[in-house]
Amino acid sequence: MGAVSSRLPAFPWDRLDPYKATAAAHPDGIVDLSVGTPVDPVPALIRRALTDAADSPGYPTVWGTAALRDALTGWAERRLGARDLAHTNVLPIVGSKELVAWLPTQLGLAAGDKVAYPRLAYPTYEVGARLAGAEPVVYDDPTELDPAGLKLLWLNSPSNPTGRVLSKEELRRAVAWAREHGVLVFSDECYLELGWEAEPVSVLHPDVCGGSYEGVVAVHSLSKRSNLAGYRAAFLAGDAAVLGELLQIRKHGGMMVAAPVQAATVAALGDTAHVTEQRERYARRRAALRAAFEGAGFRIEHSEASLYLWATRDEPCWDTVADLSKRGILVAPGDFYGVAGERFVRIAFTATDERVEAAVRRLAD
C-alpha cells in the first residue's frame with residue numbers, strides 16, 4: 001500500500017476540510033460551491049426506467065444491451081454530428097472518472113510512456129498516468145509537445161476547471177498533430193451540453209476528425225446533463241479498434257454498468273426536455289452568481305461553458321478560500337487543478353436556488 005500511495009498526489013479535497021468547517025459554522029449554514037455535484041432531482045422518466053428494470057437478476061454485459069448501444073450511437077449522431085457510427089464505435093463505462101483513472105493502465109502504458117493533459121486540468125488525468133507508472137506531462141498547446149514517448153493525449157473541452165471551449169480549428173489541429181505522430185487522442189467532453197457563451201464541438205464532428213475515428217475517442221457522461229452522478233452512467237465513442245481492445249480488457253475486469261442503469265441511460269439519451277429544463281436552472285444560477293462575484297470584486301475568466309466560474313481577485317487562492325469561508329461560502333482553490341491556478345478559485349453553480357440566493361446576499365454585504 002505504501003508503494004501505491006507514494007506515487008500518487010495527496011487527495012486534494014481533504015485539504016479543504018478546515019474551510020468547510022468554518023463555512024458550516026455560518027449562522028445561516030454553508031453554501032457549498034466547491035464540488036460540481038448535481039443537487040436537483042433525477043428526472044421522473046429516468047427514475048421510471050430504472051425501477052422498471054429493477055428485476056435484473058442476471059449479470060449485465062460489459063458492452064451493454066443492443067438497446068443501449070442504439071441509444072449511444074443515435075445520440076452521438078444527433079447531438080455530436082458524428083457520422084455512420086456502428087455498435088463497435090461505442091462502449092458504456094462505469095462513470096467517467098473510473099475511465100480517466102484507469103485508462104493508461106488498460107492501454108498497457110508503463111514506465112517510459114507519457115500521458116499529456118492541459119496545464120489546468122482535472123487532477124485525475126495525472127492520477128491515471130501515475131497509477132500506470134507512466135510520466136504525466138502538461139501542455140498549453142498540444143501541438144507543441146515533444147512526441148517522443150507520448151502515447152496518450154487528453155483534450156478537455158469544455159474545460160474543467162476553466163470552462164474554456166476549444167474551437168473546431170484548435171481541435172482539428174490537435175487531432176491532425178496526434179495522428180501524424182501516432183498518439184492516441186481521448187477527448188473529455190463531459191460538459192459539452194453546457195455551453196453558455198460558446199457552442200462546444202465534439203472531436204467526433206466531421207469538421208474535426210475528417211469523418212474518420214482513427215486514433216480518436218470521445219468521453220461522455222450523463223452526470224451533469226441528466227443529474228445522474230449517483231448512477232455512474234457514462235460512455236465512450238470513437239475508434240472501434242481502441243474500444244474493442246478496451247472491451248476485452250474490461251470483460252476480464254468485470255467492469256459492467258448495472259442493468260437498471262443501462263435502461264435508465266437509454267431513457268435519458270432519448271429525451272431532450274429534461275436537459276433543456278436543467279440548462280435553464282443552471283443558466284439562472286450562473287447569471288446570479290457571476291453578477292454577485294463580479295460585484296464583490298472578482299474577475300471571471302473563460303467560463304464560457306461547463307458548471308463553473310473561474311474567478312480571481314489577484315491573490316493566492318487559499319486566501320480567497322479562507323475569506324469566503326468566513327461568509328459561509330465554500331469554493332475550490334485553483335491550485336487543485338495545477339500550479340497555474342494558484343491565484344484563481346473555481347465556483348460551481350450546482351447549488352439549490354435557495355443556497356445561490358444566500359450566496360448572493362452574503363457577497364453583497
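**Salt bridges, cysteines, helix packing and backbone geometry**

With a relative accessibility of 27%, Glu-301 counts as partly exposed in this predicted model. Its salt-bridge partner is Arg-299, and the closest N and O atoms of the two residues are 3.1 Å apart. Arg-299 is likewise partly exposed, at 35% relative accessibility. Elsewhere, salt bridges with shared partners connect Asp-28, Glu-354, Arg-355, Arg-361 and Arg-362 into one network. In the structure as a whole, the search finds 27 salt bridges.

Within that network, the side chains of Asp-28 and Arg-361 form a salt bridge with an N to O distance of 3.8 Å. This pair counts as a salt bridge because its distance falls within the 4 Å limit between a side-chain nitrogen of Lys or Arg and a carboxyl oxygen of Asp or Glu. The two residues belong to distant parts of the chain, 333 residues apart: Asp-28 is in the loop between α2 (17-24) and β1 (31-32), whereas Arg-361 is in helix α13 (residues 353-364). Asp-28 is partly exposed, with 37% relative accessible area, and Arg-361 is also partly exposed, with 46%.

A further salt bridge joins Asp-141 to Arg-173, with 3.9 Å between the closest N and O atoms. Here too the pair links distant parts of the chain, since 32 residues separate Asp-141, in the loop between β4 (135-139) and β5 (150-156), from Arg-173, in helix α7 (residues 168-181). Arg-173 is partly exposed, at 35% relative accessibility.

Next come the cysteines. How many disulfides does the structure hold? The count is zero. A disulfide is a covalent bond between the sulfur atoms of two cysteines. Cys-190 takes part in no such bond, and the nearest cysteine sulfur, that of Cys-209, is 18 Å away. Seen from Cys-209, the closest cysteine sulfur is in Cys-190, and the 18 Å between them is too far for a bond, because a disulfide requires the sulfur atoms to be within 2.5 Å. Cys-190 is buried, with a relative accessible area of 11%, and Cys-209 is buried as well, at 2%.

The packing of two helices can be followed next. Helix α4 (residues 66-80) packs against helix α10 (residues 259-269) at an angle of about 30°, and their axes lie 9 Å apart. The two helices are therefore roughly parallel to each other, as angles under 35 degrees count as roughly parallel. Their crossing is left-handed. On the α4 side, the contact involves Ala-67, Leu-68, Ala-71, Leu-72, Trp-75 and Arg-78, which meet Gln-262, Thr-265, Val-266 and Leu-269 in α10.

Finally, three sites in the backbone deserve inspection. Most residues other than glycine have a negative phi, and most peptide bonds are trans. The bond joining Ser-157 and Pro-158, however, is cis, with omega about -5°. Pro-158 is located in the loop between β5 and α7. Asn-227 has a positive phi, near 60°, and sits in the loop between β7 (216-221) and β8 (234-238). Arg-232 lies in the loop between β7 and β8, with a positive phi near 55°. Is each of these two residues buried or partly exposed? Asn-227 is buried, with a relative accessible area of 7%, whereas Arg-232 is partly exposed, with 30%.

Technical notes: Residues are numbered from 1 along each chain as its sequence is written. This is a predicted model: local features need pLDDT of at least 70, side-chain atom pairs count only at pLDDT 80 or more; totals for chains, interfaces and linings use all residues. Side-chain values use heavy atoms; hydrogens and water are left out. Helices (H or I, at least four residues) and strands (E, at least two) are DSSP runs, numbered from the N terminus. Buried means under 20% relative accessible area, exposed over 50%, partly exposed in between (1.4 Å probe, protein chains only). Axes are lines fitted to C-alpha atoms, for helices over the stretch in contact, and angles run from 0 to 180 degrees between N-to-C directions. Angles under 35 degrees count as roughly parallel, over 145 as roughly antiparallel, 65 to 115 as roughly perpendicular and the rest as oblique. A crossing is left-handed if the near helix is turned anticlockwise from the far one by less than a right angle, and right-handed if clockwise. Contact means heavy atoms within 4.5 Å.
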